[in-house]
Amino acid sequence: ESLARLVRRAAPITAMKCGALVAVGFGLSAHAWKSSEDNDKVVDAPQQESASLLSQASETQVTVQEPPSCLDWQCSDGYVPKLNQTNLPGKSDTECCVPTCKHYECKGDFLPNKAYARNIGFNDDSCCDKSCNIFECKEGFRVTDVTMKLPGVTHDVCCEQTCALHECGTLWQKTDARSHWIGNSDAMCCEPRCALVNCTGGWAVDDYKVDKVGDTVEEC
């Protein structure tokens, strides 16, 4: 009998404890479910935002303009395309072309030559000819007022013989005053002696002046 009473007294307490455990277990389960649901909501928010941005981007048409290409540029007169023109960006002669000699003005002792019109370089050496004015002639030759305006880099074109190289005949006298003259004859490079004078009207060449320089009756 005493044992039966103890069992009856313990039953409600056990039931209460079991109920509490069940309640606690149910509460933990509910909390776990709620936390899982909240986490799902946190994860879903960025995904929804990304999807919205992608949708907006697909609806917006973006036009990308490519830079102008030198491939489409026609060089002006006096210009030719750069070597790598097809790979260059640009839309002007400065960007896409190089100047030729057509519009170059030669300077100093350089002279223009139409044959160089399409040459590239735009400088005296590429676009012009050297004039004879800067040519160095051999001794006894020099550049003249005529040849100095000619294009040339050779002795035959630029230089002419001077009287310094001429040997005067017997009846002629060499003179330093004519050494820089252009010529190669007695008449040009030498002065006549009195022996060449033809005296008239009763006059004769003075024997003492035969070898002297002179070309008039009064002098000879």
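Visitor: How much accessible surface does the chain have, and what share belongs to carbon and sulfur atoms?
Guide: In this predicted model, the accessible surface of the chain comes to about 16,600 Å². Of the 220 residues, 19% count as buried. The share of the accessible surface that belongs to carbon and sulfur atoms is 56%.

Visitor: In what order do the elements of the chain run from the N terminus?
Guide: The secondary structure comprises five helices and eight strands. Read from the N terminus on, the order of these elements is α-β-α-β-β-α-β-β-α-β-β-α-β.

Visitor: What share of the contacts with a separation of 6 or more is between residues 24 or more positions apart?
Guide: A contact here requires heavy atoms within 4.5 Å. Among the contacts in the chain with a separation of 6 or more, the part that comes from residues 24 or more positions apart is 14%.

Visitor: How many disulfides does the structure hold, and which parts does the one between Cys-75 and Cys-97 tie together?
Guide: The structure holds eight disulfides, and one of them joins Cys-75 to Cys-97, with an S to S distance of 2.0 Å. The torsion about this S-S bond is -95°, and the link is left-handed. Because Cys-75 lies in the loop between α1 (2–59) and β1 (79–81), whereas Cys-97 lies in strand β2 (residues 97–99), the pair ties together parts that are 22 residues apart in sequence. Both Cys-75 and Cys-97 are buried, and the parts that they tie together are the loop between α1 and β1 and strand β2.

Visitor: Which residues does Gln-85 touch, leaving out those up to four places away in sequence?
Guide: Gln-85 is found in the loop between β1 and α2 (93–96). Its relative accessible area is 11%, so Gln-85 counts as buried. Not counting residues up to four places away in sequence, the residues that Gln-85 touches are Cys-70, Leu-71, Trp-73, Cys-75 and Cys-96.

Visitor: Is Cys-128, which forms a disulfide with Cys-106, buried or exposed?
Guide: The sulfur atoms of Cys-106 and Cys-128 are 2.0 Å apart in their disulfide, and the torsion about the S-S bond is about -100°, so this disulfide is left-handed. The pair links distant parts of the chain, with Cys-106 in the loop between β2 and β3 (110–112) and Cys-128 in strand β4 (residues 128–130), 22 residues apart. At 22% relative accessibility, Cys-106 counts as partly exposed. For Cys-128 the relative accessible area is 6%, and Cys-128 is therefore buried.

Visitor: Which residues make up the largest nonpolar core?
Guide: In soluble globular proteins, nonpolar side chains tend to be buried together. The largest nonpolar core of this chain has five residues in all. One of its members, Phe-110, touches Asp-124, Asp-125, Cys-128, Asp-129 and Lys-130, when residues up to four places away in sequence are not counted. The residues that make up this core are Cys-101, Tyr-104, Phe-110, Cys-127 and Cys-128.

Visitor: What is the N to O distance in the salt bridge of Asp-77 and Lys-102?
Guide: Side chains of opposite charge can pair when their charged atoms come close. The structure holds one salt bridge, and because Asp-77 lies in the loop between α1 and β1 and Lys-102 in the loop between β2 and β3, the pair ties together parts that are 25 residues apart in sequence. Asp-77 is exposed, with a relative accessible area of 53%, whereas Lys-102 is partly exposed at 46%. The side chains of Asp-77 and Lys-102 meet with an N to O distance of 2.9 Å.

Visitor: Where in the chain do Cys-137 and Cys-159 lie?
Guide: Cys-137 and Cys-159 form a disulfide with their sulfur atoms 2.0 Å apart, and the torsion about the S-S bond is about -90°, so the link is left-handed. This pair links distant parts of the chain, 22 residues apart, with Cys-137 in the loop between β4 and β5 (141–142) and Cys-159 in the loop between α4 and β6 (160–161).

Visitor: How far apart are the C-alpha atoms of His-155 and Cys-137?
Guide: His-155 is found in helix α4 (residues 155–158) and, at 18% relative accessibility, counts as buried. Leaving aside neighbours within four places in sequence, His-155 is in contact with Phe-135, Cys-137, Lys-138 and Phe-141. Although His-155 and Cys-137 are 18 residues apart along the chain, their C-alpha atoms are separated by 6.3 Å.

How values were computed: Residues are numbered from 1 along each chain as its sequence is written. This is a predicted model: local features need pLDDT of at least 70, side-chain atom pairs count only at pLDDT 80 or more; totals for chains, interfaces and linings use all residues. Side-chain values use heavy atoms; hydrogens and water are left out. Helices (H or I, at least four residues) and strands (E, at least two) are DSSP runs, numbered from the N terminus. Buried means under 20% relative accessible area, exposed over 50%, partly exposed in between (1.4 Å probe, protein chains only). A nonpolar core is a set of buried Ala, Val, Leu, Ile, Met, Phe, Trp, Tyr and Cys residues joined through side-chain atoms within 4.5 Å. A disulfide is a pair of cysteine sulfur atoms within 2.5 Å. A salt bridge is a side-chain nitrogen of Lys or Arg within 4 Å of a carboxyl oxygen of Asp or Glu. Accessible areas come from the Shrake-Rupley method with a 1.4 Å probe; for residues, only the protein chains shown count as cover.
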